[in-house]
Amino acid sequence: MRGRYRLSGLCSPLPVLILVQISSSSTMWSRRQRRLRPLSCGVEELRCRRREREAALRKARREQQLVSKRLLRDEDPEKAEGYVAVILGEAEIQQFLRLAQRGTEEKEREKALVSLRRGLQHPETQQAFIRLEGSIRTLVGLLTSNQALLQLEAARCLHELSHSEQSTVAEACLPATSYLLTYLSGHSSDFIELCLYTLGNLIVESEAVRRQLLPQGIVPALAACIQSPHLTVLEALGYALSQLLQAKEAPEKIIPSVLGSPLPQHMLQLLQPGPKLNLGVAVEFAWCLHYIICSQVNNALLITHGALSTLGLLLLDLAGAVQRTEDAGLELLACPVLRCLSNLLTEAAVEAVGEQMQLRDERVVAALFILLQFFLQKQPSLLPEGLWLLNNLTANSPSFCTSLLSLDLIEPLLQLLSVSNVVSVLVLTVVCNIAEKGPAYCQRLWPGPLLPSLLDTLAFSDTEVVGQSLELLQLLFLYQPGAVQAFLQQSGLQALQRHEEVAQLQDRVRALQQTAQHG
Amino acid sequence: MQLPPALHARLAGAPGEAEPLPVERDPAAGTTPFRFAARQVRFPREHEFFEDGDVQRHLYLQDVLTQVAGDPERPRVPEFTCQVAGCCQVFDALEDFEHHYHTLHRNVCSFCKRAFPSGHLLDTHILEWHDSLFQILAERQDMYQCLVEGCTEKFRTSRDRKEHLVTRHLYPADFRFDKPRKSKGPATPGPAVQVSAEALGGDQVPSEGDAMEVCFEHTELPPEPSGERRTYGHRIPSTICFGQGASRGFKSTKKRNKHQ
């Protein structure tokens, strides 16, 4: 239930009719009210369904068919409990459409469309609707009429159709797209939001749809719309844009024109930390940036726009927020931010820009560790992504390696070794990044928990983990006097022995045995 | 995972780079059979490394049901009337009014009172319809601008522009906001007027949506082929105006009366 008013766009010459209250709360991470879909089953069933959905999503991703639509629906919490969408037949649909188009009373016409919209929540009604000749034409006519409330209801009907999993139903909305795009330049925020979510759903439907939307000017339309001051519009826009950027053909057909538009600068602006930062909006645009960056079309451009410093500051902000609240939604933003930073750091263009555009602030490391701890508790599957960033920060940077040492972060890092094989390999890689810089670094790694941890990892059965441990051992033997001796004293040779026969490890095991025994 | 207490202080502290310890590498490091070399890693779009995070993202998209007030459950306020001169539409919810205002009063042509969905279309309309200089220039150069934002093409006639919209931008041939302007005079029935979608069953019922055209001739409604009239014009309570801006709404009514 929306319990607030919005003073949106009601500027002069219109006299103010009612005293209205501006909605957003004053907290930095204010987000609009959001509900999860009402469900009428128990917790166990919920978990089971979620696992199923997760499995389905994984499968879809492996087949590169990852498509998800977002549904915008107004539901009264009390009503929603027992509400079941009514299936309408062709005759009833026809009746409602006629009434909407030619009814005598405005309220009557609106009601007819509302009834139709409710029916359209059901897939069978949707099927009946598209079977009915002229139905879309009529709906488009109502969409483009000058009856504001009919327009809105017609748009809601279209939205329900756009959300369908059936291609035939979603694609039935195609005749409306030129109008949906035209309306993005309007001013009614509710209506624009609806158009955007509908477009977002359609975009993801098929390449054929996008082949229509692109020449119709969706990119310039979005670029004009992103200047809206309304958070709801911005979130919807981010969603639609993220769907567009996620398309398979995006790197060749879409991202170049997006990069050529004012969109990137606006996106970065919307990701700047500060009192205006909104979590819902930021999540969408962070994902947009991720799809652009990992497509590697022209990341240098983003770097010149200050992407690295903006995202770095955002990371600091996230770490701060994580400490303050238990908000589990923050990982939705953390994930794409980590990815963007990690990938951007690999760009050669980084060296070419001025210092303030680069990422050198030691606080980034502090922030990252605070996030790693947060992930460990809330979302362990994000640990590899965080460690990936840590690798990219430390690999070529003596400064960041020094930071890890001076901030006493080695021990916490090693504590992650028991989480999973992937995580262990990454942890060991980061420590190798430090160790390979020479004796001054190895000295600071020693003594401490490093050797016992290594002896533990040598007991793993995963060859990658063991392999990385062997690499680290070589570096320690090379740069740290006393390491060999300590290793021998703690039965290191026995630990090595068990891997003597493993193909990928043999040579390295023998080399280390040699060094240990003969110095 | 135990973080050192000083870490939080560091996060809140001043920006800065650590002074790096001296780097000193031994050439033997990482040589065969060893292979370690510190290097940054980049992952492309479809890499399986992203699988977990992507799945979480999509679960979020599927779960989130963003609420938009639109139904009668919206908070009600005491009834108020639209204050725009001549418009007497009544509202009891602010969002309804907001949408009404933006749809009908925001981008209104001050010459002919037609309403447009955006400032861009309004500007184009004024230029093409009410600017005599435009007409003069149009005789000699390409003046009709493509309606798609971002497209800079211009055309000699509005028909050429329409052609461009259809072939290049895949717009529908009957795009509502691009009707050809006919010369002033007695109205001729034609596609220009049947602007709304065809009604089910084939009867033509022009909506009040004439106001939205970029180019549109006078609002004379043609006689209905089947003899059906917009009879409901009489039955509307006086408090309700169909919004085309006040003066146009009343004018239309009068004209309708004339036809009876």
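The following dialogue works through the packing and the chain interface of a predicted model.

Student: Which helix gives the largest share of the largest nonpolar core?

Tutor: That core holds 211 residues, and those touching the most other members are A:Leu116, A:Leu143, A:Leu184, A:Leu196, A:Leu241, A:Phe285 and A:Phe369. The largest share of this core amounts to 12 residues, and the element in chain A that supplies them is helix 17 (residues 279-293).

Student: Which residues does A:Leu116 touch, not counting those up to four places away in sequence?

Tutor: A:Leu116 is among the members of the largest nonpolar core that touch the most other members. With residues up to four places away in sequence left out, its partners are A:Leu88, A:Ile93, A:Phe96, A:Leu97, A:Phe129 and A:Cys157.

Student: How many residues make up the other core, the one with B:Phe80 and B:Phe91?

Tutor: This other core lies apart from the largest one, and its members include B:Phe80, B:Phe91, B:Phe97 and B:Tyr101. Its count is eight residues.

Student: What area do chain A and chain B bury between them?

Tutor: The contact involves 172 residues of chain A and 118 residues of chain B. Of the area buried between the two chains, 55% is on carbon and sulfur atoms, and the total is about 13400 Å².

Student: Which three residues supply more than any other three of the area that chain A buries against chain B?

Tutor: The question concerns the part of the buried area that belongs to chain A, and the leading three residues together supply 6% of it. They are A:Arg61, A:Arg102 and A:Asn146.

Student: How many salt bridges are counted between chain A and chain B?

Tutor: One salt bridge between these chains joins the side chains of B:Arg10 and A:Glu362, with an N to O distance of 2.7 Å. Polar contacts across the interface come to 55 residue pairs, both residues being at pLDDT 80 or more. For salt bridges between chain A and chain B, the count is 10.

Student: Is A:Glu436 buried or exposed?

Tutor: A:Glu436 sits in the loop between helix 26 (421-435) and helix 27 (439-445) of chain A, and its side chain makes a polar contact of 2.9 Å with that of A:Lys437. Not counting residues up to four places away in sequence, A:Glu436 touches A:Ala395, A:Leu475 and A:Tyr479 as well as B:Arg25, B:Phe36 and B:Ala38. The cut-off for burial is under 20% relative accessible area, and because the value for A:Glu436 is 11%, this residue is classed as buried.

How values were computed: Residues numbered from 1 in each chain as written. Chains lettered and ligands numbered in written order. Predicted model: local features only at pLDDT ≥ 70, side-chain atom pairs only at ≥ 80, totals over all residues. Heavy atoms only, no water. Core = buried A, V, L, I, M, F, W, Y, C linked by side-chain atoms within 4.5 Å. Buried < 20%, exposed > 50% of the residue type's maximum accessible area, 1.4 Å probe, protein only. Helix = DSSP H or I, 4+ residues; strand = E, 2+ residues; numbered from the N terminus. Contact = heavy atoms within 4.5 Å. Buried area = accessible area lost by both parts, 1.4 Å probe. Salt bridge = Lys/Arg side-chain N within 4 Å of Asp/Glu carboxyl O. Polar contact = N/O pair within 3.5 Å; in protein donor to acceptor, adjacent residues only side chain to side chain.
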